[in-house]
Amino acid sequence: MSLPRIAVVTTGGTIDSVGTDRLDLAAYLDNATRLAPGELLSGIAPELEGIARVHEVPFRRVRAHAITDDDLADLVATIRYQFERDEADGVVITHGTNTLEETAWLLHPVLPGDGPVVLTGAMRPATALSADGPLNLVDAVRVAASPAARGLGVLVVLDNTIHGARDATKSDTMRVSAFRDGASGPLGWVDGDGRVVINHVPRRAASLRGRFAAVDLRALHRVDVVTSYQGADGVLIDAAVAAGARGIVSAGTGAGYPTPGEVEALERATAAGVTVVQASRVGAGRVPAVGSLIARGWVAAGDLPPWKARILLRLALAAGITRRDELQMLFDEA
């Protein structure tokens with residue numbers, strides 16, 4: 001049997017960064033040096049031979065925290081081309097870990113079909129002692145080539161662990177085990193013998209796969225995230241509205257509680273036609289749609305982190321979903 005065809009799109013990040021020496025595990029980005037094109041894949045070519053037929057797809061390499069809407073639109077077009085022209089059976093994307101979870105979550109509802117799309121990265125640069133990038137990339141190819149990955153939506157693979165795009169979250173700045181999931185845990189693992197083990201299938205985000213495929217990613221509305229803290233007033237919220245925000249995600253305390261000053265500003269924003277989604281700054285747990293939130297016309301983000309709630313709201317507004325009840329249903333199902 002012929003091996004699956006896997007396209008690897010390299011967008012940059014720690015995985016292809018070059019440090020000043022093998023113990024440069026923290027300041028390597030200041031070195032501003034990357035592996036040469038093709039060098040990342042050539043370093044693991046022998047290991048990939050029995051897994052898949054892999055080809056690299058050139059893409060501009062940028063730091064994860066510098067990625068723009070235009071970058072994401074071009075990335076989506078690149079992935080679609082691979083599937084629509086029957087160039088690949090699955091796609092792997094190398095990506096900086098700082099915003100990897102946001103890119104994964106954006107791709108999930110804008111890419112139709114059941115072809116595997118897997119994001120991976122690294123917590124240590126390519127030149128580091130015990131660099132984690134090469135094995136992460138091999139594991140990502142293994143997952144993208146596995147029939148078990150079809151229909152699971154966009155996935156994230158690092159540290160031998162398979163995460164769903166919805167719940168994958170970076171939770172540590174330096175450890176190789178930096179990514180975690182929500183209460184349901186990871187979807188599975190890539191074991192030491194190379195076997196791809198899917199522990200459970202995500203259902204909550206299944207209906208969202210490809211739902212916003214028609215949205216123009218270059219014309220998304222401005223949506224800002226405002227984080228609450230003791231004594232916060234409404235200045236940042238008012239500034240977001242003045243800057244043209246069509247939506248605001250409030251990252252409130254606890255189960256979604258902004259300060260009184262922020263509430264007043266959010267109510268002004270709602271009166272001005274701005275959509276408000278109430279999320280939490282806490283790393284786990286839901287924001288429920290309690291009576292006071294409903295009365296204000298706000299949407300409860302559930303357990304979506306504020307930055308992922310922002311992405312979903314931008315896509316919804318671009319698709320013309322503006323009624324509170326429709327938005328709440330979308331967030332409840334996501």
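Here a biologist and a modeller talk through some helix contacts, a pocket and a loop residue.

Biologist: What should I keep in mind about the numbering and the model?

Modeller: Residues are numbered from 1 along each chain as its sequence is written. The model is predicted, with local features needing pLDDT of at least 70, side-chain atom pairs counting only at pLDDT 80 or more, and totals for chains, interfaces and linings using all residues, while side-chain values use heavy atoms and leave out hydrogens and water.

Biologist: Why is α4 called roughly parallel to α9?

Modeller: The two pack at an angle of about 30°, with axes 10 Å apart. Angles under 35 degrees count as roughly parallel, over 145 as roughly antiparallel, 65 to 115 as roughly perpendicular and the rest as oblique, so α4 is roughly parallel to α9. Helices here are DSSP runs (H or I, at least four residues), and strands are E runs of at least two.

Biologist: Which residues make that contact?

Modeller: From α4 come E101, E102, W105, L106, P109 and V110, and from α9 come W307, K308, I311, L312 and L315. Contact means heavy atoms within 4.5 Å. By class they divide into eight nonpolar, no polar and three charged; Asp, Glu, Lys and Arg count as charged, Ala, Val, Leu, Ile, Met, Phe, Trp, Tyr, Cys and Pro as nonpolar, and the others, Gly among them, as polar.

Biologist: What makes α9 and α10 oblique instead?

Modeller: Helix α9 (residues 306–318) and helix α10 (residues 324–333) cross at roughly 135°, and their axes come within 11 Å. That angle fits none of the named ranges, and the pair is therefore oblique. Here A309, L312, L313 and A316 in α9 meet L327, L330 and F331 in α10. These contact residues are seven nonpolar, no polar and no charged.

Biologist: Which residues lie nearest the centre of the largest pocket?

Modeller: Those are R166, D167, D181, G182 and D303, out of 40 lining residues. The lining has 15 nonpolar, 14 polar and 11 charged residues, and α4 (100–110) and α9 each supply at least two of its residues.

Biologist: Lovely! How do you know that V62 and G12 come together in space?

Modeller: They are 50 residues apart in sequence, yet 5.3 Å apart in space, C-alpha to C-alpha. V62 sits in the loop between β2 (53–57) and α3 (69–84). Not counting residues up to four places away in sequence, V62 touches T11, G12, G13, R34, I67 and D71.

How values were computed: Axes are lines fitted to C-alpha atoms, for helices over the stretch in contact, and angles run from 0 to 180 degrees between N-to-C directions. On a 1 Å grid over the protein atoms alone, a cavity is a set of points where a 1.4 Å probe fits but cannot get out, and a pocket is an open set with protein on both sides within 12 Å along at least five of seven lines; lining residues have an atom within 4 Å of a point.
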